[in-house]
Amino acid sequence: MKHIGLTGGIGSGKSTLAGMLAGMGVPVLDLDALGRELHHDADCRAALLAAFGPGILDASGAVDRAELGRMCFADAEKTATLNNIMHPRIWQRERLWIDQQQAAYVLIEASVLIESGGASRMDAVVVVLADIAIRRLRVMQQRGLDAARFEAILARQCNDAARRDIADFIVENNAGMEELQACATNLHKQLLALCLG
Ligand code: ATP
């Protein structure tokens, strides 16, 4: 079973493409969602608490992701500490999930697959690309994100040149949903061919 990574910048359409492939029966794991789930895991919460102190908890005692993000933003040492806590736990869960799947290939979606070094765990990497202006418009109109937040996330991610360098398959998502669906169908065929080859 091949492990296919799926990445792209904010608002590029990763989750939309992943949803289309899931609709064709492909098992999909969203590592961003897995990371968010892990904040509720007792062992992970304890490690975060030990490293960053009680300031990262909200009034209910849960990990406040926004606060954690603020603390680590623009602080390379804190970001490294956070990654050292999160990444091994994410990889462990990823392995457990992969072991449970039965398919020609599984899709592992992550916004920072390249930045985290995760691409090296994959047999192939799919990159979704879209113009920044289109991505900004989509996330602002359809997800209600403000422009400043979009720019802040954009600045933390690698650029499309780095993504192109690592991509085995590129999906351009500057047109509409129908065009993306056609790309998804074509990509699925290519990935199945890769599995057979
Ligand atoms: P993030 O990294 O922020 O999670 P993402 O790469 O997963 O983003 P999506 O959530 O799939 O991106 O897409 C961003 C927004 O753009 C969504 O609201 C989605 O419905 C919309 N979108 C994606 N592709 C298209 C398209 N081809 N035409 C119109 N809207 C689209």
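Mentor: Let's start with the yardstick: a polar contact is a pair of N or O atoms within 3.5 Å. Keep in mind that the model is predicted.

Trainee: What makes G11 a polar contact of the ligand?

Mentor: A polar backbone atom of G11 is 3.1 Å from an oxygen atom of the ligand. That falls within the 3.5 Å limit, so the pair counts.

Trainee: How do you know that R138 and G176 belong on that list too?

Mentor: Run the check again. For R138, a polar side-chain atom lies 3.5 Å from a ligand nitrogen, and for G176 a backbone N or O atom lies 3.3 Å from a ligand nitrogen. Both values are within 3.5 Å, so both pairs qualify. As for cover, the ligand taken alone exposes 630 Å², and the protein buries 82% of that.

Trainee: Which residues around the ligand come nearest?

Mentor: There are 15 residues around the ligand, and K14, S15, T16, R143 and N173 come nearest. Helix 1 (14-23) and helix 6 (132-143) each give at least two residues to the shell.

Trainee: How many residues of each class does the shell have?

Mentor: Nine are polar, three are nonpolar and three are charged. Glycine counts as polar here, so don't look for it among the nonpolar ones.

Trainee: Why is D64 called a cap of helix 4?

Mentor: One of its side-chain oxygens lies 3.2 Å from the backbone nitrogen of A66, at the N-terminal end of helix 4 (residues 65-72). The distance is within 3.5 Å, so this is a polar contact. Just after helix 4, A74 has a positive phi of about 65 degrees.

Trainee: What does the domain assignment give for the protein chain?

Mentor: Domain 1 covers 1-27 + 104-192, and domain 2 covers 32-100. Their centres, taken over C-alpha atoms, are separated by 23 Å. In the interface, 14 residues of domain 1 are in contact with seven residues of domain 2. The two domains bury about 840 Å² between them, 60% of it on carbon and sulfur atoms. I108, S116 and R121 supply 43% of the area domain 1 buries against domain 2, more than any other three residues.

Trainee: Where is Q101?

Mentor: Q101 sits in the loop between helix 5 (76-99) and strand 3 (105-109).

Trainee: What is Q101 in contact with, leaving aside its neighbours within four places in sequence?

Mentor: M1, P27 and V106. Q101 and M1 are 100 residues apart in sequence, yet 8.8 Å apart in space, C-alpha to C-alpha. Contact goes by heavy atoms within 4.5 Å, so that C-alpha distance doesn't rule it out. The Q101 side chain also reaches the backbone oxygen of W97 at 3.1 Å.

Key: Residues are numbered from 1 along each chain as its sequence is written. This is a predicted model: local features need pLDDT of at least 70, side-chain atom pairs count only at pLDDT 80 or more; totals for chains, interfaces and linings use all residues. Side-chain values use heavy atoms; hydrogens and water are left out. A residue is near a molecule or strand if one of its heavy atoms lies within 4 Å of it. A polar contact is a pair of N or O atoms within 3.5 Å; within protein, one must be able to donate a hydrogen and the other to accept it, and residues adjacent in sequence count only if both atoms are side-chain atoms. Accessible areas come from the Shrake-Rupley method with a 1.4 Å probe; for residues, only the protein chains shown count as cover. Helices (H or I, at least four residues) and strands (E, at least two) are DSSP runs, numbered from the N terminus. Domain bounds come from an automatic or database domain assignment. Buried area is the accessible area (1.4 Å probe) that two parts lose on being put together, summed over both.
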